[in-house]
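Trainee: Could you take one part of this model and go through it closely with me, helix by helix? I would like to see how the pieces are placed against one another before we turn to anything else.

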Amino acid sequence: MKRLIERSRSVGEVLRWVTQNPGKVSASHYPIALHKLGQLLQQQPGPPVGAGDGRGPAGQVLEQPEFHALCQAIVSGCAKFDNFSIVNCLYAAAALGLPGESPLVRVLEDESRSRLGRFNQKDLSMVFSSEANNKALEAIFSSQLFYENRQERFIRSMADWLPRKAENLTPYTMALIAKYVARHRLREPRLLDTIANFLLKRGEQLDSKVIQKLVFPFSRMNYRPSNHGELFPKLEAILEQKAGSSPLATVNILMSMFQLSHFPQTVLHQVFSPAFITNVMSSPYALIVRRYLSLLDAAVELEFQEYSGPRLDPRYRVLMFEHALTADEANRKYSYKGLVAEALRQLVGEECYRQDEVLPPGYCTDFLLWINRSGTVLPLSRVPAASKAPLATSPAAMSLHSSVLALTSDLQDFAPVVLSVNDKWHYCQNSDILVGSRAMRDRHLQLLGYCLVQLPYTELEKVSGIEEA
């Protein structure tokens with residue numbers, strides 16, 4: 001039956017073999033049939049596979065009674081399928097283009113979800129080795145099942161498989177993998193190094209928008225790939241040629257490199273040039289690029305003092321963020337910030353700290369306090385005006401250099417202490433390494449003269465009650 005299905009030359013032939021010979025069809029034949037249908041549909045003209053609207057071959061097939069009979073057979077029998085057949089059917093259904101709300105996909109995902117504890121590495125690695133292609137991988141990242149089971153066996157299997165198969169993947173598929181890795185903060189060196197090698201080999205052929213997606217996981221995970229000595233200079237050369245073609249992608253790539261403490265001088269000459277700035281200011285994404293350029297300019301002043309090229313015109317400077325991060329707001333109910341706030345209120349009083357204070361160049365701090373030489377936390381009303389001035393400086397006139405001077409002039413008597421509540425999403429998964437944006441924020445706050453006190457969630461989750469807090 002397997003050979004008959006694989007040798008079929010038409011959709012109708014596949015459906016006839018499967019539906020007219022139910023006694024000869026086993027669990028392993030169903031994913032083969034779904035995959036074969038997908039291959040045949042890809043070869044036919046008309047709307048893409050899974051369009052399902054009756055306008056072309058794909059829509060017509062999905063409406064055929066024989067196809068519904070095939071789906072119903074899988075729905076009825078999947079509870080008795082082995083794990084490999086279940087996972088393979090799910091890949092095949094998604095690659096075929098079936099919508100997530102279809103009865104077949106829902107039943108397969110429910111059955112898979114109920115078996116998560118029983119899936120072993122072989123079940124997944126067999127699928128990778130025998131079936132995985134660009135379409136199948138795209139299906140992985142659109143399935144709720146794999147977002148829920150994104151770690152342990154699945155990630156280990158993908159890390160084993162990806163280095164051997166990467167050359168055959170499209171940039172779009174690799175970008176999906178990079179997005180998946182970054183979204184879930186997966187600091188898996190084998191995956192990250194494979195993405196880096198892909199980028200090194202194919203970089204010249206890619207546009208800036210794809211490159212930014214492939215570079216982002218490195219900064220997100222605060223991870224310098226093993227080939228960074230070759231990769232970073234190559235990225236600089238590519239950016240020099242393509243900087244103006246996509247300004248937003250260019251500054252995104254620069255931001256990733258800055259977070260990894262790599263400062264491409266020649267590219268900076270371009271992005272701070274009048275021509276680049278004029279191009280940006282007339283674009284629909286002018287504000288977000290101004291925010292990034294403002295932060296990049298601040299990073300140059302703090303971390304790349306040997307740079308002597310053009311800088312961002314002060315009139316274009318804005319704060320990177322004007323209020324608490326959206327992600328932090330969304331995760332507020334899972335954060336320990338409320339616990340720390342109540343503990344601070346009872347310990348030192350509300351007049352002695354500020355919460356969610358935004359400091360130039362636009363970093364939101366969890367809690368800001370001022371302490372004198374004897375270790376006493378001061379009420380904000382007693383902090384000298386000169387010391388507080390940098391916090392109230394208007395973005396247009398903001399000068400980090402003057403901010404540092406204003407702070408350090410009073411450090412003999414007073415010191416600002418930033419309490420940083422590092423919740424789970426501020427770290428890479430199952431790691432004590434802060435994500436790149438958080439790590440750069442901490443570096444910059446310290447270089448600005450703030451004393452940083454880290455409050456990691458791993459310690460806060462051990463606290464029982466407000467007294468311990």
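Mentor: What follows is a look at the stretch around helices H12 to H17, with a short step outward at the end.

Please keep in mind throughout that this is a predicted model. As a setting, the chain has 26 helices and four strands, and of its 469 residues, 52% are buried. If one takes the contacts between residues at least 6 apart in sequence, 72% of them join residues at least 24 apart.

Let us begin with helix H12, which runs over residues 171-183, and whose 13 residues reach 18 Å from the first C-alpha to the last, close to the 18 Å expected at 1.5 Å a residue. Its buried residues are Thr173, Met174, Ala175, Leu176, Ile177, Ala178, Tyr180, Val181 and Ala182. After the helix comes Arg185, where phi takes a positive value, near 55°.

The partner to consider next is helix H13, residues 189-202, which packs with H12 at an angle of about 145°, the two axes being 11 Å apart; the crossing of this pair is left-handed. On the H12 side the contact is made by Pro171, Met174, Ala178 and Val181, and on the H13 side by Leu191, Leu192, Ile195, Phe198 and Arg202. Met174, Ala178 and Val181 of H12 also belong to the buried set of that helix.

From here we can move along to Asn227, which is found in the loop between helix H14 (208-220) and helix H15 (228-242). Although it sits in a loop, Asn227 counts as buried, because its relative accessibility is 8% and the cut-off for buried is under 20%. Once its neighbours within four places in sequence are left aside, Asn227 is in contact with Ala196, Asn197 and Leu200.

H15 itself has 15 residues, which should span 21 Å at 1.5 Å a residue, and its end C-alpha atoms are 20 Å apart, so the two values agree. The buried residues here are Leu231, Phe232, Lys234, Leu235, Glu236, Ile238, Leu239 and Lys242, a list in which Lys234, Glu236 and Lys242 appear beside leucines, a phenylalanine and an isoleucine. What covers these buried residues of H15 includes H13, H14, helix H16 (247-259) and H17.

H17 covers residues 265-271, and Gln265 lies in it. With a relative accessibility of 34%, Gln265 counts as partly exposed, because that value falls between the 20% and 50% limits. Not counting residues up to four places away in sequence, Gln265 touches Phe304, Glu306, Tyr307 and Ser308. Its C-alpha is 9.8 Å from that of Val300, and the two residues are 35 apart in sequence.

Val300 leads us outward to helix H19 (residues 286-303), which packs with helix H24 (residues 436-447) at an angle of about 55°, with 10 Å between the axes. These two helices are therefore oblique to each other, and their crossing is left-handed. The contact is made by Leu295, Ala299, Leu302 and Glu303 of H19, together with Met440, Arg443, His444 and Leu447 of H24.

One last point concerns the cysteines, since the structure holds zero disulfides. Two of the cysteines may be noted as buried, namely Cys352, with a relative accessible area of 4%, and Cys428, at 2% relative accessibility.

Definitions and conventions
Residues numbered from 1 in each chain as written. Predicted model: local features only at pLDDT ≥ 70, side-chain atom pairs only at ≥ 80, totals over all residues. Heavy atoms only, no water. Expected span 1.5 Å × (residues − 1). Buried < 20%, exposed > 50% of the residue type's maximum accessible area, 1.4 Å probe, protein only. Contact = heavy atoms within 4.5 Å. Disulfide = S-S within 2.5 Å. Axes fitted to C-alpha atoms, helices over the stretch in contact; angles between N-to-C directions. Parallel < 35°, antiparallel > 145°, perpendicular 65-115°, else oblique. Left-handed = near helix turned anticlockwise from the far one by under 90°.
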